[in-house]
Amino acid sequence: MDTDAVPDLNLTAALEAVSAARSPEQLAELRREYLGKRGVAARVKETIKSLSPEDRPIVGQAVSLFTAKITEALDAADAVAGPETIDESPIDLTLRGHGRKRGHMHLVTQCRRDLEDVFVSLGYQVAEGPEVESDWYNFEALNFPPGHPARAMQDTLYVDLGEPEQVLLRTHTSPVQVRVMESQTPPIYCVMPGRTYRNETLDARHSPVFHQIEGLAVDRGLTFGDLAGTIEAFTSAYFGQKVKSRLLPSYFPFTEPSAEFALSCVFCDGSGCRVCSNTGWIELGGCGMVDPNVFRSVGIDPEEFSGFAFGFGLERMPMLRYGVEPIKTFFDNDVRFLTRY
Ligand code: FA5
């Protein structure tokens, strides 16, 4: 047996060298030294053919054991030390980035904020109220006594809590008027945006869930002229000076007199088209002077103060401004619609 070739195959020393290696480069160097084409294991293997028949299997097994143990140790050390090569090429700062995709506000929220800004600039405050309401706030305090036929104007969704008092999903934002008048003393100038619910079938312009914005002013000496001027001011601030508003007699139990307000059609400038059913006008909401009974229910003296209120569908505003239809487009959450506005 050629004893000169065998001492190179020192498994213990090789394993110590592997465990002493500190970097991927050192491990790569040891892999070449022990397992490479001209490495220790290969060179010892070459000598096997010159050995005696008895020694060949002994040295062959020793080489296999050495190769297996060193491979195992190097693989384990590589896994801890990380990749064999580290990319040290400089970062190319001229490459275009991927950019950061940013979300934005929903069109209804944008409209709500725009209108809030308009009203704040007119001296109004913004208030909110609960969407799950009592019958008192949604109806009774607004001069709709139980069994009053006007309750049928708003098909109501009731919440069954097993309580004697009826609880419901508010059908309009007008209950917030009552809460504001209960908690503040006049003068009051306030707008109240929020989500509302009605037991209605979905169609092009009506949805069981929609948004309204309510306005309330209570002060000494307010007149119907102030109401008309306020409606003109916020509609032209949102749609531009070209758009005119008009009031037509209507009925709400909580305002007297009451009116319906409409805008000159933004699609045909009032000359008549399919959208406005050839009338030249598009209805936006209801309004009127606060009924003395409502003032009494919240402890405000109707002899001393007068007030006006108005309420309209929030979706109607962007529907008219951008021609969005049907109303369900706002709630479908189709990304193509959401990213357009
Ligand atoms: C009311 O809800 C009254 N609270 C408005 C009011 C406030 C009158 C203050 C007087 C003083 P009405 O039911 O007409 O009124 O609804 C007002 C507006 O809400 C409608 O003109 C319409 O723009 C919108 N609206 C009503 N129902 C729906 C619905 N199902 N889907 C979308 N918008 C609706």
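A polar contact is here a pair of N or O atoms within 3.5 Å. With that cut-off in hand, the ligand site of this predicted model can be read contact by contact.

A polar side-chain atom of Gln212 is placed 3.0 Å from an oxygen atom of the ligand, which means that the pair falls within the 3.5 Å limit. Arg316 likewise contributes a polar side-chain atom, at 3.3 Å from a ligand oxygen atom. Leu284 takes part through its backbone instead: one of its N or O atoms lies 2.9 Å from an oxygen atom of the ligand. Taken as a whole, the protein covers 93% of the 680 Å² of accessible area that the ligand has on its own.

The surroundings of these contacts come next. The ligand occupies the largest pocket. Two or more residues of the shell around the ligand come from each of helix H7 (174–183), strand S6 (209–219), strand S9 (281–290) and strand S10 (306–313). In total, 27 residues surround the ligand, and those that come nearest are His172, Ser174, Arg198, Glu200 and Glu283. By residue class, the shell consists of 9 nonpolar, 12 polar and 6 charged residues.

Finally, the chain may be viewed at the level of domains. The domain assignment gives domain 1 as residues 3–80, while domain 2 is formed from two segments, 107–129 and 186–338. A distance of 87 Å separates the C-alpha centres of domain 1 and domain 2.

How values were computed: Residues numbered from 1 in each chain as written. Predicted model: local features only at pLDDT ≥ 70, side-chain atom pairs only at ≥ 80, totals over all residues. Heavy atoms only, no water. Domains from an automatic or database assignment. Near = heavy atom within 4 Å. Polar contact = N/O pair within 3.5 Å; in protein donor to acceptor, adjacent residues only side chain to side chain. Areas by Shrake-Rupley, 256 points an atom, 1.4 Å probe, with all protein chains shown as cover. 1 Å grid on protein atoms, 1.4 Å probe; cavity = no way out; pocket = protein on both sides within 12 Å on 5 of 7 lines; lining within 4 Å. Sits in = over half its atoms within 2 Å of the grid points. Helix = DSSP H or I, 4+ residues; strand = E, 2+ residues; numbered from the N terminus. Nonpolar A, V, L, I, M, F, W, Y, C, P; charged D, E, K, R; others polar.
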